[in-house]
Amino acid sequence: MNEAPVTAAADNKLIEAKASGPQTAVPGKRKGPGIRDQWNVLPFLVFFIGWELFARLNETMAWFNPLFLPPPTLVLEDAWLLTKSGLVTESILSSTIRIAAGFVIGCLFAVIAGVLMSKFRGVERWMSPILNLVSPIPALALLPLFIIWFGIGEFPKILLIAWTTFVPVLVYTVDGFKSVPSTLIRSALSLGASQRQVFTRVMIPSAIPNFIVGARVSLGLSFSALIVSEMMGAKSGLGYIIVDARNYFKISNMFVAIILIGLEYSLFSYLVKLMERRVLSWRKGGMREAVEK
């Protein structure tokens, strides 16, 4: 007789609990990065507007020679003239091919060497002293030797970029393999995984974050090697524009090349971050993930 009222009361309590209780049981949609986070152009606008105002004010006040710091509008005019002549397009294409080829080759050989050093202790024992000896040598010191050994062409430039990329990526990759928790390896072995499966499914995924960090660190060094190599024995490239502008004292052309270098580096850095976001989409952490908004 009393079963219906009891059931109705229980249903009402359940509805009230769902309405007033915490909503943690229902997974909410995570807000992705907004347009402001993806394309934050305000700092660039402030920088170039401040540069324009300061350069124009310097033309009036004559604090120093106005030729040393042309305003961005004048730099933009010279960039348009260089673009119409075809020099900017040719230089961007040449520099992009060099940095892409050298960066990929350096990362590839660094990963191969890192795998060998992590699997075979003898390889690490032989390679570590040699790397400690040659890794501090700057790219500018090696470029003349590369030109003497391999001549003036594309190969020494790409080789210099690859070497500059190789060392940081190798160091971070080896550190990534060494930092794999031993509990993960023991767990995989206890579940019947072979040595090959442990290496491919445990160690390599655990070392990928370190590899990407090494790639991001070496990217700036690779661009430095690119500009240095194009300043010596090159007929095209962004570094060549800087040297040619220096010879003819075209300061605005120097700024054109410098800005293009920064834009190209920003593009490559964005591509590396995009790869990191795709490959490491499973990794969450940090203050932004801990604090809910």
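Which side chain meets Lys 178 in a salt bridge? I looked this up before anything else, and the partner is Glu 124, at 2.4 Å from N to O. The pair joins distant parts of the chain, with Lys 178 in helix α8 and Glu 124 in helix α6 (residues 121–134), 54 residues apart. Lys 178 is exposed, with a relative accessible area of 56%. I note that the model is predicted.

Entry: overall make-up.
I went through the elements and found 13 helices and zero strands. From the N terminus on, every entry in the run is therefore an α, since strands would need a DSSP run of E of at least two residues. The chain has 293 residues, and 32% of them count as buried. I took the contacts with a separation of 6 or more and found that residues 24 or more positions apart account for 69% of them. The chain exposes about 19600 Å², and carbon and sulfur atoms supply 68% of that area.

Entry: other salt bridges.
I found a count of six salt bridges. One of them is between the side chains of Arg 98 and Glu 230, at 2.7 Å from N to O. Arg 98 belongs to helix α5 and Glu 230 to helix α10, so I looked at a link across 132 residues of the chain. Are these two residues buried or exposed? Arg 98 counts as buried because its relative accessibility is 3%, under the 20% cut-off. Glu 230 is buried too, with a relative accessible area of 1%.

I then turned to Glu 276 and Arg 216, whose side chains meet in a salt bridge of 3.0 Å, N to O. Glu 276 is in helix α12 and Arg 216 in helix α10, 60 residues apart. Glu 276 counts as buried at 15% relative accessibility, whereas Arg 216 counts as partly exposed at 36%. I also noted a network of salt bridges that links Glu 52, Arg 56 and Glu 59.

Entry: nonpolar cores.
How many residues does the largest nonpolar core have? I read 46, and the residues with the most contacts inside this core are Leu 160, Phe 166, Leu 170 and Phe 223. Among the elements that give two or more residues to the core are α5 (87–119), α8 (154–178) and α10 (195–231). Helix α12 gives the most, with nine residues. I looked up Phe 223 by itself: leaving out residues up to four places away in sequence, Phe 223 touches Ile 99, Ile 261, Glu 264, Tyr 265 and Phe 268. A second, separate core has eight residues, including Ala 188 and Val 202.

Entry: a nonpolar surface patch.
I found a nonpolar patch of about 920 Å² on the surface. Among its residues are Val 41, Phe 44, Phe 48 and Ile 49. Ile 49 is placed in helix α3 (residues 42–61).

Entry: two single residues.
Asn 210 lies in helix α10. I list Asn 210 as buried because its relative accessible area is 17%, under the cut-off of 20%. Apart from neighbours within four places in sequence, Asn 210 is in contact with Tyr 172, Asp 175, Gly 176 and Ser 179.

Where is Phe 249 placed? I found Phe 249 in the loop between α11 and α12. Its phi is near 55°, a positive value in a residue other than glycine. Most residues other than glycine have a negative phi. Phe 249 is partly exposed, with a relative accessible area of 49%.

Notes
Residues are numbered from 1 along each chain as its sequence is written. This is a predicted model: local features need pLDDT of at least 70, side-chain atom pairs count only at pLDDT 80 or more; totals for chains, interfaces and linings use all residues. Side-chain values use heavy atoms; hydrogens and water are left out. Patches are made of residues with over 30% relative accessible area and no salt bridge: like charges are joined within 9 Å, nonpolar side chains (Val, Leu, Ile, Met, Phe, Trp, Tyr) within 5 Å. Accessible areas come from the Shrake-Rupley method with a 1.4 Å probe; for residues, only the protein chains shown count as cover. A salt bridge is a side-chain nitrogen of Lys or Arg within 4 Å of a carboxyl oxygen of Asp or Glu. Helices (H or I, at least four residues) and strands (E, at least two) are DSSP runs, numbered from the N terminus. A nonpolar core is a set of buried Ala, Val, Leu, Ile, Met, Phe, Trp, Tyr and Cys residues joined through side-chain atoms within 4.5 Å. Buried means under 20% relative accessible area, exposed over 50%, partly exposed in between (1.4 Å probe, protein chains only). Contact means heavy atoms within 4.5 Å.
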